[in-house]
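These are my notebook entries on a single structure, written down in the order in which I looked things up. I begin with the helices and move on to pairs, surface and backbone.

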Amino acid sequence: MIQSTSASDAPSVAPHRQAAITVQGSPQGSGLSRRQATLAVVVCWLLVVFDGYDLIVFGTVQTSLLENTGWGLDNATLGLMGSMAFVGMMIGALLAGRMADSWGRRRTILACAVTFSIFTILCAIAPSAWVFGAFRLLAGIGLGGLVPSANAMVAELVPERWRSSIATLMMSGVPIGGSLAALIGIPLIPALGWQSMFLVAVLALVIVVPMGLAYLPETLPSEAAARDRPGASPATGKAAKAGGFSLLLRDPFLLASIMFALATLATLFAWYGLGTWLPRAMEAQGYDLGSALTFSLSLNVGAVLGSIVTAWAGDRFGAVRSSVIAAALAGVALLGLLLSPPVWLVYVILMVAGVGTHGTQCLIIAAVANHYPGHLRGTALGWALGVGRLGAVTAPLVAGFLLDGGFGAGSIFVAFGVAALVAAVLLVVIIAQGNGGRGVGSRQVTAS
């Protein structure tokens with residue numbers, strides 16, 4: 001495991017004087033320099049960018065799939081297809097978090113990256129809706145495993161005092177990837193067809209994966225690190241080995257684990273729902289595809305800003321307290337779309353919604369990364385994101401049925417706005433039980 005400064009493991013050298021980060025069990029037994037750690041963080045961030053690209057890419061091709069494939073799709077079946085990737089993400093998040101804790105971050109991250117790259121590319125040559133959905137499911141398994149595994153690695157590569165900020169900024173890769181999908185889609189789809197949007201994943205396979213092979217450090221499994229840490233008792237080693245979901249779902253972690261997971265579910269329902277259906281919803285209101293994609297771009301620009309703002313707010317006021325404000329802000333903004341504001345104000349509202357929905361998720365990830373000990377960190381992130389992907393799975397289905405049922409685009413904004421407000425309430429519960437404030441996001445809880 002990569003040693004980071006923490007309250008429970010006092011460093012022998014002050015954080016500002018450290019020249020290297022120790023990697024236990026590295027092939028040469030040497031330390032990891034700041035440059036090497038930075039390169040590893042950059043690779044993890046680039047992989048998160050592709051997670052964001054995948055979030056938006058399906059939204060950009062929905063109209064093309066309806067009109068140009070001959071697959072006989074409607075809004076409801078389109079929603080089902082959109083959910084397939086999120087089902088895979090849920091499976092991947094639950095499995096990969098545990099895998100990363102059991103046999104190392106590096107191998108898990110690389111396996112997930114190769115999986116999502118290959119099956120995303122194959123989506124471009126899918127001969128039918130069912131094959132396309134199957135490829136999206138398998139690509140989703142790889143994508144779902146990336147975020148918890150990458151965040152677990154990054155949490156170990158940086159000193160604890162920077163962990164909340166870096167975890168939040170890491171997630172800026174999601175809206176940046178989404179922005180790239182919207183920008184690329186505007187010229188690429190009319191010129192080369194919807195298939196070209198999925199071929200972009202070739203870049204991940206031929207550029208980012210080799211970078212991962214070169215720069216991601218090989219770590220000991222966190223369980224082994226917990227057992228082998230100097231001064232660790234046999235009970236510590238036994239608890240680390242048992243670890244996993246059974247330890248998450250009992251004291252002292254039970255309530256926080258449940259609330260983090262449910263808050264992630266509500267937040268991802270709003271965030272992934274908007275990412276998947278916003279272009280189609282705006283087209284239903286009379287905008288052409290180019291204009292609808294600029295609304296999606298506005299949402300993602302807001303999310304990028306949200307990553308920066310929430311990184312500061314999480315360090316200044318605490319990750320959970322800040323996430324309550326962000327979620328409430330998103331909910332109010334989305335409900336404000338029911339008032340039929342002018343176009344310029346719609347852009348502003350969507351930027352605010354991007355700040356709030358994505359910012360909330362960034363802060364939850366930062367809180368989870370700091371709330372659990374190292375041998376549970378990947379499992380805890382996988383648990384929260386895995387359960388949370390249920391929101392991502394159901395959002396496209398709900399939105400598709402609302403549009404197909406004739407309820408209009410406004411019903412989608414109500415559903416996603418209410419979900420954001422529910423997330424705010426669940427996060428208040430964490431604070432009320434003494435698990436919020438500065439404590440979550442600035443310290444690490446030790447297992448008892």
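How many residues does helix H3 have, and how far does helix H3 reach from its first C-alpha to its last? I found that helix H3 (residues 105-123) has 19 residues and reaches 27 Å, close to the 27 Å expected at 1.5 Å a residue, where the expected span is 1.5 Å times one less than the number of residues. Helices here are DSSP runs (H or I, at least four residues), as strands are (E, at least two), numbered from the N terminus.

Before going further I noted that this is a predicted model, in which local features need pLDDT of at least 70 and side-chain atom pairs count only at pLDDT 80 or more, while totals for chains, interfaces and linings use all residues. I also noted that residues are numbered from 1 along each chain as its sequence is written, and that side-chain values use heavy atoms, with hydrogens and water left out.

**Entry: overall counts.** I counted 17 helices and two strands in the protein. Of the 448 residues, 60% are buried, a word I use for under 20% relative accessible area, with exposed for over 50% and partly exposed in between (1.4 Å probe, protein chains only). The accessible surface comes to about 16,000 Å², and 69% of this area belongs to carbon and sulfur atoms; accessible areas come from the Shrake-Rupley method with a 1.4 Å probe, and for residues only the protein chains shown count as cover. Among contacts (heavy atoms within 4.5 Å) between residues at least 6 apart in sequence, I noted that 83% join residues at least 24 apart.

**Entry: H3 and the loop before it.** The buried residues of H3 include Arg 105, Arg 106, Phe 116 and Cys 123. Gly 104 sits in the loop between helix H2 (75-103) and H3, and Gly 104 counts as buried because its relative accessibility is 0%. I then looked up a distant partner: Gly 104 and Gly 378 are 274 residues apart in sequence, yet their C-alpha atoms are 9.8 Å apart in space.

**Entry: salt bridges.** How many salt bridges does the rule give? Taking a salt bridge as a side-chain nitrogen of Lys or Arg within 4 Å of a carboxyl oxygen of Asp or Glu, I arrived at two. One of them joins the side chains of Asp 51 and Arg 389, at 4.0 Å from N to O. Asp 51 lies in helix H1 (residues 34-68) and Arg 389 in helix H16 (residues 374-404), so this pair ties together parts that are 338 residues apart in sequence. Asp 51 and Arg 389 are both buried. In the other, the side chains of Asp 54 and Arg 136 meet at 2.7 Å, N to O. This pair also links distant parts of the chain, with Asp 54 in helix H1 and Arg 136 in helix H4 (residues 129-157), 82 residues apart.

**Entry: H4.** Is Arg 136 buried or exposed? I recorded Arg 136 as buried, because its relative accessible area is 2%. Leaving aside neighbours within four places in sequence, Arg 136 is in contact with several residues, among them Asp 54, Phe 58, Met 84 and Phe 198. H4 itself has 29 residues and reaches 42 Å from its first C-alpha to its last, close to the 42 Å expected at 1.5 Å a residue. I noted that H4 bends by about 25° at Leu 146, with a proline, Pro 148, following within four residues; the bend at a residue is the angle between axes fitted to the seven residues ending there and the seven starting there. H4 is mostly covered, with 23 of its 29 residues buried. Glu 156, also found in H4, counts as buried at 1% relative accessibility. The C-alpha atoms of Glu 156 and Ala 37 are separated by 9.6 Å, although the two residues are 119 apart along the chain.

**Entry: backbone at Ser 340.** Most residues other than glycine have a negative phi. I therefore noted Ser 340, whose phi is near 50°, a positive value in a residue other than glycine. Ser 340 is found in the loop between helix H14 (319-336) and helix H15 (343-371), and Ser 340 is exposed, with a relative accessible area of 63%.
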